[in-house]
Amino acid sequence: PQSVLSVHNVNNVYHVPLMLMEQNLHKIISKELNLQDKIAVVPDMTKWSHMAHQVDSFKKVVKIALIGKYTGFQDSYLSVIKSLMHASIACERKLELVWVEATQLEENDPNGEQKQDKAEYDSAWEKISTADGVIVPGGFGNRGFLGKVLAANYCRINNIPILGICLGFQAMVVEYARNVLGHTSANSSEFDESTEHPVVFFMPEIDKENMGGTMRLGSRITKFTHDHDDNTTSTAKILYGNNEEVSERHRHRYEVNPDYVDAIHSAGLAFVGRDEKGERMEVAELKRSTHPYYMGCQYHPEFKSRPMRPSPPFLGLILASSGGLDEYLESQKEE
């Protein structure tokens with residue numbers, strides 16, 4: 001009977017560990033696993049408790065539009081959602097998440113015909129235009145890719161903070177090649193093998209011929225190799241505590257084509273983070289004098305985000321979306 005615990009409804013999920021500790025779950029686990037001499041008698045939950053109660057009191061809202069292709073099954077983006085929550089808590093903001101189906105941002109249907117019903121199209125763009133910030137997470141397949149490219153273009157031109165992850169990062173690169181470099185047919189070879197400008201192409205670590213075992217998986221080192229042409233330190237590097245390198249997790253097959261790196265970088269979309277050999281582009285961003293927050297990363301930063309330790313790219317997005325990024329970056333530089 002002493003091991004039967006009550007877990008009733010609470011205001012937010014972060015109260016649950018506190019509730020369980022009040023019912024001595026830590027003592028039960030310690031006794032059953034013979035850990036009495038190896039763990040603290042009473043865990044220090046002071047910071048956690050402060051966070052849990054603080055979340056209940058947030059008044060200011062930050063609205064983020066999530067552009068995806070699996071929005072009908074939102075658990076597909078659970079790690080991204082949690083990362084946005086972690087960053088919002090750190091910024092003392094209540095997160096309002098707005099879902100946007102990527103295909104609804106496209107004027108034409110899959111057959112290339114103009115959509116007859118423009119209500120969904122207009123509604124999708126209204127969500128983006130009224131959001132404080134935008135996130136374009138990863139995914140596979142061609143469906144909705146054009147919508148992500150169009151969203152990247154809109155955010156770049158209209159100075160809306162945006163974070164692109166994996167395929168979202170690639171959409172930002174394709175958009176820049178099309179609209180800044182003038183390569184109107186630029187694409188990923190994943191979606192158009194005959195494109196004249198394959199700015200993103202198949203670049204596996206092991207076997208270039210077979211699909212099996214070709215994904216770049218797991219933690220890899222990213223080095224912050226480049227500052228901006230105005231001699232400002234990259235936003236990404238500052239967000240990562242001014243470290244020279246970081247380790248983040250990957251899950252992809254396609255990469256930015258090295259043949260286009262110099263042209264894109266010189267045109268302003270700076271590849272500030274690269275792999276240890278300098279061959280694979282990991283982080284791209286516009287300088288802060290050009291855009292408040294325009295960042296993409298090939299890796300998946302959401303996989304290492306934690307409460308009270310938000311992922312740096314996500315923190316940057318929420319800070320920029322709530323008007324606090326410049327002050328935060330300045331404070332980090334002073335440290």
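This is a short tour of the structure above, one selection at a time.

Before you click, know that this is a predicted model, where local features need pLDDT of at least 70, side-chain atom pairs count only at pLDDT 80 or more, and totals for chains, interfaces and linings use all residues. Residues are numbered from 1 along each chain as its sequence is written, and side-chain values use heavy atoms, with hydrogens and water left out.

**Stop 1: the sheet**

Switch to a cartoon view and look for an open sheet of nine strands, in the order E2-E1-E3-E4-E12-E11-E10-E7-E8, with mixed pairing. Helices (H or I, at least four residues) and strands (E, at least two) are DSSP runs, numbered from the N terminus. Two strands pair if DSSP finds at least two bridges between them. Colour E2 (94-101) and E8 (245-252): these are the edge strands, each pairing on one side only. On average, neighbouring strands of this sheet are turned by 25 degrees against each other, direction ignored.

**Stop 2: strands E1 to E4**

Select E1, residues 61-68. Is E1 largely enclosed or not? Six of its eight residues are buried, so E1 is largely enclosed by the rest of the structure. (Buried means under 20% relative accessible area, exposed over 50%, and partly exposed in between, with a 1.4 Å probe and protein chains only.) Add E2, and you'll have a parallel pair joined over eight bridges. Show Ala65 too: it stands opposite Val98 in E2.

Now pick E3 (residues 133-136) and E4 (residues 162-165), which also pair in the parallel sense, over three bridges. Here Val134 stands opposite Ile162 in E4.

**Stop 3: helices H4 and H10**

Select H4, residues 78-90, which lies across E1, E2 and E3 and runs at about 150 degrees to E2. (Axes are lines fitted to C-alpha atoms, for helices over the stretch in contact, and angles run from 0 to 180 degrees between N-to-C directions.)

Next add H10, residues 312-321. Two packed helices are described by the angle between their axes and the distance between the axes. For H4 and H10, the axes come within 8 Å and cross at roughly 60 degrees. H4 and H10 are therefore oblique to each other. (Angles under 35 degrees count as roughly parallel, over 145 as roughly antiparallel, 65 to 115 as roughly perpendicular and the rest as oblique.) The crossing of H4 and H10 is right-handed; a crossing gets that name if the near helix is turned clockwise from the far one by less than a right angle, and left-handed if anticlockwise.

Show side chains, and you can find Val80, Ser83, Leu84, Ala87, Ser88 and Ala90 of H4 meeting Phe314, Leu315, Leu317 and Ile318 of H10. (Contact means heavy atoms within 4.5 Å.) Sorted by class, that is eight nonpolar, two polar and no charged residues. (Ala, Val, Leu, Ile, Met, Phe, Trp, Tyr, Cys and Pro count as nonpolar, Asp, Glu, Lys and Arg as charged, and the others, Gly among them, as polar.)

**Stop 4: helices H6 and H7**

Go to H7, residues 167-179, lying across E3, E4, E10, E11 and E12 and running at about 115 degrees to E4. Add H6, residues 145-157: H6 and H7 pack at an angle of about 65 degrees, with their axes 8 Å apart. That makes H6 roughly perpendicular to H7. H6 passes H7 in a right-handed crossing. Residues making the contact include Phe145, Leu146 and Val149 of H6 and Leu167, Met172 and Tyr176 of H7. By class, this contact has nine nonpolar, three polar and four charged residues.

**Stop 5: single residues**

Just before H7, click Cys166, in the loop between E4 and H7. Cys166 isn't a glycine, yet its phi is positive, about 55 degrees. Cys166 is buried, with a relative accessible area of 6%.

For another positive phi in a residue other than glycine, find Asn242, near 60 degrees. Asn242 sits in the loop between H8 (235-239) and E8, and is partly exposed at 33%.

Gly218 lies in E7, residues 216-224. Which residues does Gly218 touch, leaving aside its neighbours within four places in sequence? They are Glu248, Arg249 and His250. The C-alpha atoms of Gly218 and His250 are separated by 5.2 Å, though the two are 32 residues apart along the chain.

Finish at Val272 in E10, which is buried with a relative accessible area of 0%. Beyond four places in sequence, its contacts include Phe224, His228 and Val283.
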